[in-house]
Amino acid sequence: MTKEWSPRIVAFFCNWCTYTAADLAGVSRLKYAANVRVIRLMCSGRVDPQFILDALRRGADGVLIGGCHPGDCHYVEGNYKMLRRFQLLQRMLRDLGIDERRVRLEWISAAEGEKVKTVINDMTAQIKALGPLAVPGQFAAWDAEVGALAQELRQADPADATPTEVAHA
């Protein structure tokens, strides 16, 4: 019997709002997908795009970022900082060939436990529809592609080779 694939989602939640809402959802016994691993940060503005890329590189199929509603950040402008970073990250994901729907930003206040449940369940369904990201498995293919390009370069005219390639020839 084959086990059905279940997406792995990493969630970066603001301590003051979204994490508290997730706690409220749990205390209220609201049912949401169990495949989300929550990382609590003091503010969504502390989420570095490198954290998201690293989560995807390490096998996450999706990343959810939750923060305070605009204008309600405990650190005044942290969520606006996250929004700017998120917009840049979306461009970077497109350039990397990763579907932008795999990374999601949501504003969820401490009183919105039901919204946490809805967002997590919706994102889980969306990632299931997209299928596994499998970035770790792609590294072998990318390495082979780079190796083939290096081989082509070695076979090309030495005048076209980089100084490093010439030194190793």
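This dialogue walks through a predicted model, from its sheet to its helices, charged pairs and surface.

Visitor: Where should I begin with the sheet, and in which order do its strands lie?

Guide: Begin with the pairing of the strands, because strands count as paired when at least two bridges are found between them. In this predicted model, four strands form an open sheet with parallel pairing, and their order is 2-1-3-4. Strand 2 (36-41) and strand 4 (103-107) stand at the edges with a single partner strand each, so one side of each has no neighbour in the sheet. Neighbouring strands are turned against each other by 20° on average, with direction ignored.

Visitor: How many bridges join strand 3 to strand 4?

Guide: Strand 3 (residues 62-67) is joined to strand 4 by five bridges, and the two run parallel. To find this pairing in the structure, look for G67, which stands opposite W107 in strand 4.

Visitor: Which strands does helix 2 touch, and what does helix 4 lie across?

Guide: For helices against a sheet, look at both the contacts and the angle. Helix 2 (residues 49-57) packs on the sheet and touches strand 1 (9-14), strand 3 and strand 4, its direction making about 150° with that of strand 3. Helix 4 (residues 113-130) lies across strand 1, strand 2, strand 3 and strand 4, and runs at about 165° to strand 4.

Visitor: How many salt bridges are there, and which residues are joined into one network?

Guide: A pair is counted when a side-chain nitrogen of Lys or Arg comes within 4 Å of a carboxyl oxygen of Asp or Glu, and by this rule there are nine salt bridges. One of them joins E114 and K117, whose closest N and O atoms are 3.0 Å apart; these two residues are three apart in helix 4, which means that about one helical turn separates them. Salt bridges that share partners join R104, E106, K115 and D122 into one network. Within it, R104 meets E106 at 2.8 Å, N to O, and R104 also forms a salt bridge with D122, where the closest N and O atoms are 2.7 Å apart. D122 lies in helix 4 and R104 in strand 4, so this pair ties together parts that are 18 residues apart in sequence.

Visitor: Are R104 and E106 buried or exposed?

Guide: The reasoning needs a cut-off, because a residue is called buried under 20% relative accessible area and exposed over 50%, with partly exposed in between. R104 has 17% and is therefore buried, and E106, at 16%, is buried too. D122, by contrast, has 39% relative accessibility, so D122 counts as partly exposed.

Visitor: Which residues make the nonpolar surface patch?

Guide: W16, M42 and Y75 make a nonpolar surface patch of about 300 Å². Y75 is found in the loop between strand 3 and helix 3 (78-96), and its relative accessibility of 42% places Y75 in the partly exposed class.

Visitor: Where is S44 found, and which residues does S44 touch?

Guide: A loop residue has to be judged by its accessibility and contacts as well as by its place in the chain. S44 is found in the loop between strand 2 and helix 2, and at 4% relative accessibility S44 counts as buried. Leaving aside residues up to four places away in sequence, S44 touches C14, I65, G66, G67, G78, N79, M82 and W107. Two residues in that list, G67 and W107, are the pair that stand opposite each other in strands 3 and 4.

How values were computed: Residues are numbered from 1 along each chain as its sequence is written. This is a predicted model: local features need pLDDT of at least 70, side-chain atom pairs count only at pLDDT 80 or more; totals for chains, interfaces and linings use all residues. Side-chain values use heavy atoms; hydrogens and water are left out. Axes are lines fitted to C-alpha atoms, for helices over the stretch in contact, and angles run from 0 to 180 degrees between N-to-C directions. Contact means heavy atoms within 4.5 Å. Patches are made of residues with over 30% relative accessible area and no salt bridge: like charges are joined within 9 Å, nonpolar side chains (Val, Leu, Ile, Met, Phe, Trp, Tyr) within 5 Å. Accessible areas come from the Shrake-Rupley method with a 1.4 Å probe; for residues, only the protein chains shown count as cover. Buried means under 20% relative accessible area, exposed over 50%, partly exposed in between (1.4 Å probe, protein chains only).
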